[in-house]
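Here are my notes on this entry, set out as numbered points. Please read them with the sequence and the model side by side.

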Amino acid sequence: MKDLAERGKLIERPAHRAIRDYAAKLGYRDLIYLNVGEPDFSTPKNIVNAAKKAMEKGFTHYTEERGLVKLRESLASKIRAERKVEVEKDGILITNGSAEAIFIALMSLINPGDEVILFKPYYPPYLSCVRIAGGKPVFIPFNTETLTPNIEALKEVVNEKTKAIIVNSPCNPSGVVYDKDVLKTIAEIAVDKDLYVLSDEVYDRFIYNGSFYSISSFDKNLERTIIINSFSKTYAMTGWRIGYLAGNKELVSNILKMRGAVNVCVNAISQIAALEALKKSSEKHVKKMLAEYAKRRKFVLDMLSKVPELKCPKPDGAFYIFPNVSAIEKDSLKFTMYLLEKAHVVVSPGNSFGSNEHIRISYSCSMENLRKAFNRIVKAVKEYKAKT
Ligand SMILES: Cc1ncc(COP(=O)(O)O)c(C=O)c1O
């Protein structure tokens with residue numbers, strides 16, 4: 001057979017996915033998965049019921065390519081109110097999760113050789129998408145203690161080949177929420193050097209301290225900023241595969257062409273579900289889930305304070321913590337394997353996210369399992385220390 005496309009060789013299967021597959025094969029009955037990047041709650045009932053009704057009524061056909069007009073109008077008015085930017089319904093594109101939004105946005109922006117700024121630690125698909133588009137990822141280091149980005153480094157690396165910056169606040173995997181000042185500096189560099197900004201805001205509701213600020217608010221007409229968001233995390237709707245991007249009409253029309261190459265529209269039923277999710281009646285469910293995450297976060301941070309070897313600042317957002325494990329083990333994958341085999345707890349090695357000194361722990365899991373998992377982690381860390 002002839003070789004497959006070279007493109008496939010540009011992407012590695014991230015270690016955190018491989019670990020999950022490996023763990024499942026081990027056959028341990030008491031495994032606890034703290035590597036999960038999705039809410040463990042069920043989708044709120046009102047949303048499910050709206051979808052059921054839509055199906056029964058035969059709402060089972062293609063929709064407008066950009067997405068239902070009502071849904072886009074609703075999102076445009078939400079974004080205008082919350083971000084204080086100008087956006088119309090035709091500046092919104094409903095996508096198959098924010099994952100598709102990231103891919104098609106980068107495919108329509110990046111030429112081979114263009115440089116794209118990624119802040120470490122990063123969400124792994126950014127790297128894959130940049131590479132598939134033929135772009136060159138340029139990494140901005142971070143402070144391995146505070147987990148905050150090194151903005152001085154950003155100023156140094158931007159050059160005439162730089163095309164775009166990807167900002168993800170609150171950040172997966174670190175949980176860090178970028179300060180307004182940091183975002184302002186990034187926005188100013190973007191204007192000064194004429195760069196596009198992709199702002200991945202899928203965790204915008206997951207804030208435990210302070211408030212969320214969108215970098216888009218520095219770009220009132222969304223001249224260069226593309227907002228990317230999703231229903232997956234806020235409404236526990238990962239399996240419905242629905243997200244969106246927002247930008248100026250011209251840019252979004254171009255991105256729509258890319259989408260047309262792989263899909264017609266997002267599934268009609270999920271769009272009705274999303275419309276329901278945006279209604280006030282969903283808010284009480286969202287608040288309940290957020291209160292539960294806040295409780296879990298507090299518990300996890302309390303437990304971690306008993307393990308000084310796992311250094312971790314208190315992240316203000318998302319549902320992850322990203323402790324630095326280098327005081328006991330320099331190789332995050334080795335430490336991940338140790339926790340898997342010794343404690344029967346699955347976490348994600350930091351090397352998947354651009355740091356071999358850290359591991360990512362998700363607290364999207366019941367308190368009962370968190371309690372068990374952290375008792376085991378504390379014990380395993382003590383034994384690791386004794387062993388080495
Ligand atoms: C930062 C970030 N962006 C995008 C996504 C993709 O989510 P979805 O495609 O379900 O919207 C994820 C999922 O984990 C994420 O963590």
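1. Start with R241: an N or O atom of the R241 side chain lies 2.7 Å from an oxygen atom of the ligand. Please keep in mind throughout that this is a predicted model, so the distance is a computed value.

2. Two further side chains make contacts of this kind. A polar side-chain atom of S230 is 2.6 Å from a ligand oxygen, and in Y203 a side-chain N or O atom is 2.7 Å from an oxygen atom of the ligand.

3. How much of the ligand does the protein bury? On its own the ligand exposes 390 Å², and 93% of that is buried by the protein. As for its location, the ligand sits in the largest pocket.

4. The surroundings of the ligand comprise 16 residues, of which S98, D200, S230, S232 and K233 come nearest. S230 therefore deserves a second look, with a cut-off of 3.5 Å for a polar contact in mind: its polar side-chain atom is the one placed 2.6 Å from a ligand oxygen.

5. Which classes of residue make up the shell around the ligand? Seven of its residues are polar, six are nonpolar and three are charged. Helix α4, covering residues 97–109, gives the largest share of this shell, with four residues.

6. Turning to the whole chain, the secondary structure consists of 12 helices and 12 strands. The radius of gyration is 21 Å, close to the 21 Å given by the globule rule for 388 residues, so the chain is as compact as a globular protein of that length. Along the principal axes, the C-alpha atoms fill a box of roughly 60 × 55 × 55 Å.

7. Two cis peptide bonds should be checked in the viewer. One joins K120 and P121, with omega at about -10°; P121 belongs to the loop between β3 (115–119) and α5 (124–132). Another joins S169 and P170, where omega is about -10°. P170 is found in the loop that runs between β5 (162–168) and α7 (180–192).

8. A last point concerns the backbone at K84. Where in the chain is K84 placed? K84 is in the loop between α3 (69–83) and β2 (92–95). Its phi is positive, about 55°, although K84 is not a glycine.

Methods:
Residues numbered from 1 in each chain as written. Predicted model: local features only at pLDDT ≥ 70, side-chain atom pairs only at ≥ 80, totals over all residues. Heavy atoms only, no water. Near = heavy atom within 4 Å. Polar contact = N/O pair within 3.5 Å; in protein donor to acceptor, adjacent residues only side chain to side chain. Areas by Shrake-Rupley, 256 points an atom, 1.4 Å probe, with all protein chains shown as cover. 1 Å grid on protein atoms, 1.4 Å probe; cavity = no way out; pocket = protein on both sides within 12 Å on 5 of 7 lines; lining within 4 Å. Sits in = over half its atoms within 2 Å of the grid points. Helix = DSSP H or I, 4+ residues; strand = E, 2+ residues; numbered from the N terminus. Nonpolar A, V, L, I, M, F, W, Y, C, P; charged D, E, K, R; others polar. Rg over C-alpha atoms; globule rule 2.2 N^0.38 Å.
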